[in-house]
Amino acid sequence: MVRGKIEIKKIENKTSRQITFSKRRNGLFKKAHELSVLCDAQVAAIVFSQSGKLYEFSSSEMEKTIERYRKFSNDYFAPGRPQVELYMLELKKEMDIMVKKIDLLEVHQMKLMGKGLGSCSLAELQDIETQIEKSLRIIRSRKADLYADQLLKLKDKERELLDERRRLREEEIRETLVRPMLPVTLHTEKNETVGACRTSKRSSEVETDLFIGLPATRL
């Protein structure tokens with residue numbers, strides 16, 4: 001989504017103006033610090049609030065930076081010197097070039113969004129279509145990569161769940177096989193004991209069997 005341009009003018013609400021001042025000041029000092037670190041540059045920034053309060057940032061001692069600036073300005077930016085006019089002309093040219101580039105980029109971005117196409121020629125429309133198709137291919141390729149990564153993660157998760165299910169099933173089978181052994185053993189031992197008692201009783205009954213009558217006659 002394209003961010004709309006903010007009109008640069010004085011903020012009338014005093015509270016909003018103070019909040020904006022605080023945020024923009026901190027952002028300015030942060031960027032100055034980043035510039036000094038990334039580019040090994042000597043940076044200093046001085047800000048006076050509306051109430052006259054001083055805020056400053058310097059990558060080194062502020063006094064040395066100001067002294068260096070005074071020496072440079074006295075040597076290079078002396079009134080009437082041609083270097084000043086050349087320097088200002090170069091800055092103006094660079095600024096004009098940057099403004100034109102920004103305008104072209106904004107117009108091109110609006111066309112990519114399908115706005116302001118009435119003034120486009122057939123070649124421009126074909127070029128825009130080619131760029132959009134190229135962007136779509138990149139987006140689809142990236143989406144396919146994300147889908148592939150997600151599918152691999154789901155397969156790994158499925159494999160882990162299957163392994164866990166197999167492990168739990170094996171434990172359940174082992175518990176099922178081990179659990180009936182004790183009752184069966186006790187039942188067998190009980191049957192053997194009962195059988196032995198019955199056999200002993202039968203033998204006892206046979207041994208104590210009585211016979212009443214005359215003895216057999218021997219020939």
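A search of the whole structure finds zero disulfides, a disulfide being a pair of cysteine sulfur atoms within 2.5 Å. This is a predicted model, in which local features need pLDDT of at least 70 and side-chain atom pairs count only at pLDDT 80 or more, while totals for chains, interfaces and linings use all residues. Residues are numbered from 1 along each chain as its sequence is written, and side-chain values use heavy atoms, with hydrogens and water left out.

**Cysteines**

- Cys39 is exposed (over 50% relative accessible area, 1.4 Å probe, protein chains only), with a value of 53%.
- Cys120 is buried (under 20% relative accessible area), with a value of 13%.

**Largest pocket**

- The largest pocket (an open set of points on a 1 Å grid over the protein atoms alone, where a 1.4 Å probe fits, with protein on both sides within 12 Å along at least five of seven lines) has a volume of about 250 Å³, volume being the space filled by probe spheres set on the points.
- Of its 10 lining residues (those with an atom within 4 Å of a point), the closest to the centre are Ile8, Lys9, Ile11, Thr20 and Arg24.
- By class, this lining has four nonpolar, one polar and five charged residues, where Asp, Glu, Lys and Arg count as charged, Ala, Val, Leu, Ile, Met, Phe, Trp, Tyr, Cys and Pro as nonpolar, and the others as polar.

**Second largest pocket**

- The second largest pocket holds about 190 Å³ of space, and Lys14, Arg17, Gln18, Phe21, Ser49, Gln50, Ser51 and Tyr55 line it.
- Helix α1 (residues 14-39; a DSSP run of H or I, at least four residues) gives the largest share of this lining, four residues.
- The lining of the second largest pocket comprises two nonpolar, four polar and two charged residues.

How values were computed: Helix = DSSP H or I, 4+ residues; strand = E, 2+ residues; numbered from the N terminus.
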